[in-house]
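This report is meant for someone meeting the structure for the first time. It begins with the overall picture and then turns to individual residues.

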Amino acid sequence: MNDFTDSKLWELILTFMIGILSGFVSVTHRMLSKRVVSKLWILSEAAGVIFMTAIAIDLYPVAKPLLKTVHLSWVTQWIFVGLFAHAGSRMMYTIERKFTKRVKDGL
């Protein structure tokens, strides 16, 4: 492989590792707060993180020039993806909370 491909491959691997780490933090946080950790919840949490990580990977090249214009050039792809992965985790938490409330209230 040439240098360009090698660097892109490592960038992709490290970016996904950030997403996985974000999901892991969310799962352990839920376990430490003694809330139920079901297989379905872990699956939905992972889906949210993977979805947002994939979007962030594709969106970063488009957002990078905008980030520079608003003096956020320090936001690297890793930071950007980490924020999106965390946002995906929070998005799934919010959806779960609203769904659970609806079910308890009788839809």
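Two residues are said to be in contact when they have heavy atoms within 4.5 Å. The model described here is a predicted one, and the paragraphs below should be read with that in mind.

## Overall architecture

The protein chain contains three helices and zero strands, and read along the sequence it follows the pattern α-α-α. Helix H1 covers residues 3-32, helix H2 covers 39-69, and helix H3 covers residues 77-104.

The C-alpha atoms of the protein chain fill a box of roughly 55 × 35 × 20 Å when this is taken along the principal axes. The radius of gyration of the protein chain is 17 Å, whereas a compact globule of 107 residues would have a value near 13 Å. Among the contacts in the protein chain with a separation of 6 or more, 66% are accounted for by residues 24 or more positions apart.

## Surface and charge

Of the 107 residues of the protein chain, 25% count as buried. The area that the protein chain exposes is about 7,800 Å², and carbon and sulfur atoms supply 73% of it.

The protein chain has 13 positive and 7 negative charges, and the mean positions of these two groups are 14 Å apart.

## The aromatic cluster

Which residues do ring pairs link into a cluster? They are Tyr-60, Phe-80 and Phe-84. A pair of aromatic rings is described by the distance of the centres and the angle of the planes. When pairs are counted with centres within 6.5 Å, the count comes to two aromatic pairs. In one of them, the rings of Phe-80 and Phe-84 have their centres 4.8 Å apart and their planes at 35°, so the pair is tilted, given that tilted covers the angles left between stacked, under 30 degrees, and edge-to-face, over 60.

Phe-80 and Phe-84 are four residues apart in helix H3, and they are therefore separated by about one helical turn. Is Phe-80 buried or exposed? Its relative accessibility is 9%, so Phe-80 counts as buried, because buried means under 20% relative accessible area. Phe-84, at 21% relative accessibility, counts as partly exposed.

## Surroundings of Phe-84

Phe-84 has its place in helix H3. Once its neighbours within four places in sequence are left aside, Phe-84 is in contact with Met-52, Ile-55, Ala-56 and Leu-59. The C-alpha atoms of Phe-84 and Lys-34, which are 50 residues apart along the chain, are separated by 26 Å.

## The loop between H2 and H3

Both Val-70 and His-71 lie in the loop between H2 and H3. Val-70 is partly exposed, with a relative accessible area of 47%. His-71, by contrast, counts as exposed because its relative accessibility is 69%, and exposed means over 50%.

The backbone of His-71 deserves a separate remark, since this residue has a positive phi of about 60° although it is not a glycine. As for Val-70, its C-alpha atom is separated by 26 Å from that of Leu-12, with the two residues 58 residues apart along the chain.

## A residue in helix H1

Met-17 lies in helix H1, and with a relative accessibility of 49% Met-17 counts as partly exposed. The C-alpha atoms of Met-17 and Ile-57 are separated by 12 Å, while the two residues are 40 residues apart along the chain.

Terms used:
Residues numbered from 1 in each chain as written. Predicted model: local features only at pLDDT ≥ 70, side-chain atom pairs only at ≥ 80, totals over all residues. Heavy atoms only, no water. Helix = DSSP H or I, 4+ residues; strand = E, 2+ residues; numbered from the N terminus. Rg over C-alpha atoms; globule rule 2.2 N^0.38 Å. Buried < 20%, exposed > 50% of the residue type's maximum accessible area, 1.4 Å probe, protein only. Areas by Shrake-Rupley, 256 points an atom, 1.4 Å probe, with all protein chains shown as cover. Lys, Arg positive; Asp, Glu negative; His and termini not counted. Charge placed at Lys NZ, Arg CZ, Asp CG, Glu CD. Phe/Tyr/Trp six-rings, centres within 6.5 Å; stacked < 30°, edge-to-face > 60°.
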